[in-house]
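Got your viewer open? Let's take a walk through the model together, one selection at a time.

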Amino acid sequence: MISALICLAASLNVGLAQNREPAQIESWITSRDRSALFAKQASPAAFQANAHARGPVIVVDPGQQMQSVDGFGFALTGGSAELLSKMSPQARADVLRRTFATDGDHIGVSYLRLTIGASDLNSFVFSYDDLAPGETDFELKKFDLGQDRKDVIPVLKEILAIAPGIKILGSPWSAPAWMKTNNNVRGGALAERCYAVYAQYLVRYVEEMRKEGIAIDAITIQNEPLNSKNTPSMQWQVSQQLVFLRDHLYPAFTKAGLKTKVILFDHNCDRPDYPLALLSDPVISRFADGSGFHHYGGDLAAMSLMHLARPDKNVYFTEQMIIEKPGSPTIDIAATVKRMLIDTTRNWSRNVILWNLAADPENKPHTDNGGCPMCQGGVTLDKDAVTINLAYYTIAHASKFVRPGSVRIGSTGAGDRAVGLTEDEERPGVKRVVVIESAQVLPNVAFRTPDGKIVLVVANDTQSVNGFAIQYRGEVANLRLSPGGVGTYIWAAE
C-alpha cells in the first residue's frame, strides 16, 4: 500500500512538472572566506519533480503558519546619528540608501530602535527634561527633544524618505536624574513620587515625535531593568514596574489616546519570569502587546516559553551586539545568522534588532564610566569612509526579502522527525520508506512574503557539509553551500 502511494505521488509530480516550468530559485550567498558577501548568484537553481536529494533535506511546508514579521534592523543610537550627520550629504545619502532601500543590492532594513534620551552610545548623557540640582518639573514645562533635534530626528527623516513604512521602537536608558532616588543618571530607581510624571514624560515623547512626522510604533519603559552598570541606566524591579504600568502608564496612554504598543521587559533571556509576572496582572495583560528580549544571558528558547505561556502576546528581539575583528580574512556569518535570525524567529520573535547601526573605527562615541567600548556598528564610519561589518550582512540575509507582513512557515528543523525514500538494496527501482527520528539538517527558517514568495534562510554551521536539498510541494532542488556559509533562497510560492 505504501509503495503504491509513493508511486502515485511520483506520477502526480511528473504530471504537474509537465504542465509548468520548474520553479526558479534566486540565491544570495555569504561565504566564510568573504569571496561572496551577500552576493546574488548568477545562475538560479530549480526544483525538479524526480530529482534525487543530495545532502540533508529541508522540507518547506507553507501549510504551517506561525508568527507574522514586523521587520529586521538596528538601533539608531544618538552616536550613530551623530556620525551620520557629520558625513557629507552625498556620502550619507549613499549609506542610508544602501541600508534602507530595497532595490538592487540594497538590504531594506525595516525596523529601527531609538533611545528615549541618551544611551551609553551617546557622546554625553541627556534627557528631555534636564534640570539644575534641586529643581523639579512635575508639569514638564521644560520638556524638549533637545539633542535629538540636532542628529537623530534629521537623520531619521532622511531614512523615512527612503523607507516611509519603517517600524520604530523607542527605549529609555534612564528617567531624568531629578526623578530618581539617587539623583544620578547611572543606577538608582525611579522615585515613587515621580511615577505619574514619568508616565507623562513617555506620553510626551510619543506626541512630540509625532509632531515631527515620526510615528513611534512601540516603546519599552526601560532598557535592561536589571542592569544598573551602564551610563545611563536605571534599575527597576518587577513589583515596582507592575505598579507603574498598571496605575500610571496605562491611564496616561489611555487618556492621551495613544495607540503605541507597550513591550515589556527588554532584557535577557535568563529571566522570562519577569515579563510573565507582569502579565499575571489583568490590567497589564490587556494593555501590553508582548515582551522583548536580549541574548547576553540565558537561552533563546525562553522566547518559546513565553509563547507557550501566553500565545496571545507577541515576542520581540530588541537588542544584541554583534562584533568581529576589523580586517579579518574570514567572516563568522553562519554562527551569527543561526543565532540572530534563525533561532530568534524559530522561537517566535516578530523582529530582530541588532546593536547598533554605526560607530567609528574606535567604536565611539560612547559615554564614559559605563559606556560600551566594544560595541561595533553594523557599519564603521570614518568621516565619509564606510566599512561594512558582520552585523550588517547578518541582517541583510533576512531584511531584504522577508518584508514586514511576511509569515514564518514550517521547515524541517534539527532534531525533527522526518521521512525519506531509499532504493531497495535487492530490487533496483523499488522505493522504501525510511523514518528519520532526528533530522540532521542545516539550521534554517522559512517565510512566506506578502508578494507571494517563499524565503528560506540557511546557515551551514558545519565544517564538512557542502550542500543540502530543499523539498517543496514534492519537488526537490539540490544546492551547494560551503561550510561556514549562509544562503537566502527565494522562489515563487505557487
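Start by selecting cysteine 372. Its relative accessibility is 12%, so it counts as buried, because the cut-off for buried is under 20%. Keep in mind as you look around that this is a predicted model.

Now add cysteine 375 to your selection. This residue has 4% relative accessibility, so it counts as buried too. Show the side chains and you'll see a disulfide joining cysteine 372 to cysteine 375, with the sulfurs 2.0 Å apart. What is the handedness of the disulfide between cysteine 372 and cysteine 375? The torsion about its S-S bond is about 90°, so the disulfide is right-handed. Don't go hunting for another: a search of the whole structure finds one disulfide.

Next stop: cysteine 194, which counts as buried because its relative accessibility is 0%. Then click on cysteine 269, which is in no disulfide. The nearest cysteine sulfur to it belongs to cysteine 375 and is 17 Å away. Cysteine 269 has 3% relative accessibility, so it counts as buried.

Time for some charged side chains. The count of salt bridges comes to 23, and we'll visit a few.

Select arginine 32 and aspartate 332, whose side chains meet in a salt bridge at 4.0 Å, N to O. Where do these two sit along the chain? Arginine 32 is in the loop between strand 1 (24–30) and strand 2 (39–40), while aspartate 332 is in the loop between strand 11 (314–319) and helix 10 (333–346). That puts the partners 300 residues apart, so this pair links distant parts of the chain. Arginine 32 counts as partly exposed at 36% relative accessibility, and aspartate 332 counts as partly exposed at 41%.

Move on to glutamate 82 and lysine 86, a salt bridge with its closest N and O atoms 3.1 Å apart. Is each partner buried or exposed? Glutamate 82 counts as buried at 18% relative accessibility, whereas lysine 86 is exposed, with a relative accessible area of 62%.

Now pick arginine 97 and aspartate 103, another salt bridge, with closest N and O atoms 3.2 Å apart. Arginine 97 is partly exposed at 38%, and aspartate 103 is partly exposed at 36%.

For a group selection, try Asp144, Arg149, Lys157 and Glu212: they are linked in a network of salt bridges.

Finally, color by confidence. The mean pLDDT of the protein is 94, and 96% of its residues reach 70 or more. Over residues 1–18, though, the pLDDT is below 50. Where pLDDT is low, the predicted coordinates should not be read in detail.

Terms used: Residues numbered from 1 in each chain as written. Predicted model: local features only at pLDDT ≥ 70, side-chain atom pairs only at ≥ 80, totals over all residues. Heavy atoms only, no water. pLDDT = per-residue confidence, 0-100. Contact = heavy atoms within 4.5 Å. Disulfide = S-S within 2.5 Å. Buried < 20%, exposed > 50% of the residue type's maximum accessible area, 1.4 Å probe, protein only. Helix = DSSP H or I, 4+ residues; strand = E, 2+ residues; numbered from the N terminus.
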